[in-house]
Each structure stands twice: as structure tokens, then as C-alpha cells.
Amino acid sequence: MDLKMSDIAKIAGVSKAAVSFALNGKPGVSDETRRKIFEVIEEEGYKPLRKRKKGGVRKLASISLIIIRDQNGMMNRSYASLPFFDTLISSLSQNVGGFGGQVRTINLDIDHLREELNKNELLKKATASIVLATDLNQYQVELINAKLRNVIFIDNYFENIATDFVSIDNFQGAYQAGKYIVEQGYRQIGYVASNHTISNFSQRRAGFKQAMDESNIQIPAEFILSLNPTELRGTLPELLKDKRSRPEAIFCEDDYMALRLLKEFIQQGINVPDDIAIMGFDDIFEDTMVTPELTTIHVPITQIVTQAINQLQSKVADRHWLPQKCFISTKLIKRESL
């Protein structure tokens with residue numbers, strides 16, 4: 001039986017007007033009452049699509065954010081401390097909470113994904129979900145897509161899967177980075193790759209390579225290094241210690257690797273950017289907390305969240321919805337390290 005507003009009011013022990021105010025994000029109800037109403041909505045499986053006004057955009061009252069934890073990946077046990085994740089949660093909560101909605105975070109273990117998809121009680125109640133798919137491969141995305149209804153995958157993309165994706169244009173971002181490095185006059189260029197291969201990094205490598213190919217620049221094998229993409233500490237690779245052997249400039253696939261090298265350069269007395277220039281990718285908060293500040297590629301997380309929510313709302317509302325894949329462009333942030 002489809003729940004009505006009066007049913008929700010009765011179960012929650014509040015007035016129908018209070019439910020209306022909560023669903024439409026209006027004042028007039030306390031935070032405790034609002035929370036109680038959305039708990040009922042979640043528990044009873046109510047599909048909370050409603051219009052703000054006649055002809056207006058429909059809104060979801062609850063969204064499940066699904067995190068797939070991978071001990072050996074980007075989303076490991078300490079994923080919550082990653083700056084991009086904090087921005088993601090804040091943006092999602094602000095966007096959904098702005099109209100009285102609720103965000104519920106569900107954690108799944110990548111090593112037991114099939115089992116948890118079948119048994120997790122919160123997933124059974126989820127009516128609309130956003131999956132942070134950073135570490136997922138094609139098989140895992142297909143598995144989740146087949147199990148959940150009304151799901152959007154963010155921070156990843158697979159061309160041959162017919163489902164909804166919202167991701168940054170990693171290829172374009174790294175291509176832009178490569179072009180900028182060349183425009184600054186650098187020809188001896190190094191590349192720092194992640195030692196954990198995911199789709200995002202593969203796309204960045206392809207974009208950077210195209211920029212180098214168009215400029216007739218070949219990166220020597222010895223100028224290609226590999227580091228952990230989430231560690232801020234470590235020893236400086238021997239190649240980069242010797243002025244005679246190191247490149248003029250180096251691009252890192254994410255800011256963690258770039259900041260790690262930058263700190264090591266400073267400790268070794270190597271001047272940035274005079275002795276070696278460095279550039280990252282992501283534009284995390286720590287980039288402006290070092291000297292020199294890090295040149296990087298900005299990832300528009302807030303725009304990703306907004307697009308994912310809008311896309312999810314449309315998908316839930318339209319039973320004839322066809323999967324949509326959305327790329328959001330990045331932006332070059334010029335600072336002092338390159």
C-alpha cells in the first residue's frame with residue numbers, strides 16, 4: 001500500500017501540517033520532529049518525491065550514500081579523513097538538507113560485496129542511492145547496478161555499462177595539465193603514477209600522454225615513478241635527489257603524491273620551482289598550506305553532487321528514464337610550484 005501524508009503523520013504522532021512542512025523544507029517544525037518524520041519515511045519505505053510548487057522540480061526526501069570500502073584502495077579504513085570525502089559529505093548534506101531531506105551513509109566491504117548486497121537491511125529500504133565508485137571495477141559496478149534500484153555512480157565511469165554515472169573529466173584535466181606544463185617552457189618532464197590502478201588514474205594517464213604526444217615530447221622510462229596515492233610521508237626517490245638526473249618538472253596523478261614530494265624537496269634543500277617544478281591533481285585544502293603553494297587541477301565536487309542529485313531525482317520520477325553519463329570539466333589552478 002502506498003503511504004500518504006496522513007499515514008506518515010499518524011505513525012510519527014505528529015500533525016499532517018508538520019509532515020508537509022518537513023517534506024517541503026519549511027520552518028514551523030522542530031529539528032526533533034523533522035528527524036522523527038524522516039525516520040518514519042525511511043523505515044516505511046515511503047517514496048518521498050514531492051514538488052516544491054506547481055511545475056517545479058521534484059525533490060527526494062532521503063538519499064543513501066553507499067561507500068564501498070577497499071582496504072587496499074583509495075577508500076580504505078581512513079577514507080573519511082580524505083579531504084574530497086569531507087567535501088562530498090558536506091555538499092551532499094547541505095544540498096539534500098536544504099529542502100528537509102536526509103542523507104544516510106551505508107558502508108559495504110568490497111571483499112564481501114555480493115553477500116552484503118543481499119543481506120544489508122539498510123539497502124533493502126533504500127529508494128534512491130548514490131554510490132561512491134572510486135575503487136570499483138566493471139564487474140562490481142554491474143553487480144551493484146543489478147541489485148539496487150534508482151542508483152547513480154559517482155567518481156568513476158565505464159563506457160560499456162548502461163547505467164547512470166557522474167564523474168569529472170579526468171582525461172581533460174590531465175590533458176590540460178600537460179599542455180600547461182609545456183606552455184611554461186618545460187621539456188624534460190616526469191610523471192608520478194599511483195601504485196594503485198583505478199579508472200580515474202588510467203584516464204589521467206591517457207590525457208597527459210596525448211598532451212605530450214601533441215607536443216612531440218617523450219617521457220623517458222626513468223622519469224616515470226610510482227607512489228602510494230594517499231600517503232603524505234615517504235623518502236624521496238633517488239632519481240629526484242640528483243640535479244643531473246631529475247626532470248625539470250613533474251606531474252603527479254593526485255595532490256597527495258605531489259605534496260609528499262614537495263615536502264621532501266624542501267627537506268633536501270631542493271628549491272621548488274627553480275630546481276624542479278611540480279604539479280598535482282584534485283585541489284585539496286592542504287595545497288594552500290605549504291610553501292610554495294601547489295599548482296593543480298581543481299575537481300568541482302559540489303557540482304558533481306548537484307548533478308548527481310538532479311539526475312537521481314529525474315530517474316526516480318521517470319519510469320522511462322534511460323541511463324545518462326555525465327562528465328564535469330576540471331579547472332587549472334595556477335600557484336607557485338610550477
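Where is the place of Asn150 in this structure? Select Asn150 in your viewer, keeping in mind that the model you are looking at is a predicted one, and you will find this residue in the loop between helix H7 and strand E6. Its backbone deserves a moment of attention, since Asn150 has a positive phi of about 55° although it is not a glycine.

From this loop, step back to helix H7 by selecting residues 138–147. Helix H7 lies across strand E3 (62–69), strand E5 (129–132), strand E6 (151–154) and strand E7, and its direction makes about 160° with that of E6.

Now show the sheet to which these strands belong. It is an open sheet of six strands with parallel pairing, and if you follow the strands across you should meet them in the order E4-E3-E5-E6-E7-E13. The edges are formed by strand E4 (102–109) and strand E13 (325–328), each of which pairs on one side only, and from one strand to the next the twist averages 20°. As background for what you see here, strands of a sheet pair through backbone hydrogen bonds, either parallel or antiparallel.

To look at one pairing in detail, select strand E7 (residues 164–168), which runs parallel to E13 and is joined to it by four bridges. Within this pair, Ser167 has Phe327 in E13 as its bridge partner.

Next, select helix H8 (residues 170–183) together with helix H9 (residues 199–214), which pack at an angle of about 35° with their axes 7 Å apart. The crossing in which H8 passes H9 is right-handed. If you colour the contact by residue class, it divides into ten nonpolar, six polar and three charged residues. On the H8 side you can pick out Phe171, Ala174 and Tyr175, among others, while the residues they face in H9 include Gln203, Arg204 and Phe208.

Keep H9 on display and bring up a second sheet, an open one of four strands in the order E9-E8-E10-E11, again with parallel pairing. Here E9 and E11 are the edge strands, each pairing on one side only, and neighbouring strands are turned by 20° against each other on average, direction ignored. H9 packs on this sheet, where it touches E8 and E10, and its direction makes about 165° with that of E8. Strand E10 (residues 249–252) pairs with E11 in the parallel sense over three bridges, and Ile250 stands opposite Ile278 in E11. Helix H11 also packs on the sheet, touching E8, E9, E10 and E11, with its direction at about 155° to that of E11.

Which element gives the largest share of the lining of the second largest pocket? It is H9, with five residues. Select the lining, which includes Tyr191, Arg205, Phe208, Met212 and Ile224, and you will be looking at a pocket that holds about 230 Å³ of space. By class, this lining has seven nonpolar, one polar and three charged residues.

Continue to the loop between H9 and strand E9 (224–227), where Asn216 is found; phi of Asn216 is near 55°, a positive value in a residue other than glycine.

Finish with two cis peptide bonds. One joins Val272 and Pro273, with omega about 10°, and Pro273 lies in the loop between helix H11 (255–267) and strand E11 (277–279). Another runs from Thr291 to Pro292, with omega near 0°, and Pro292 is in the loop between E11 and strand E12 (296–298).

Definitions and conventions: Residues numbered from 1 in each chain as written. Predicted model: local features only at pLDDT ≥ 70, side-chain atom pairs only at ≥ 80, totals over all residues. Heavy atoms only, no water. Axes fitted to C-alpha atoms, helices over the stretch in contact; angles between N-to-C directions. Helix = DSSP H or I, 4+ residues; strand = E, 2+ residues; numbered from the N terminus. Left-handed = near helix turned anticlockwise from the far one by under 90°. Contact = heavy atoms within 4.5 Å. Nonpolar A, V, L, I, M, F, W, Y, C, P; charged D, E, K, R; others polar. Pairing = 2+ DSSP bridges. 1 Å grid on protein atoms, 1.4 Å probe; cavity = no way out; pocket = protein on both sides within 12 Å on 5 of 7 lines; lining within 4 Å. Points joined across faces, edges and corners; volume = space filled by probe spheres on them.
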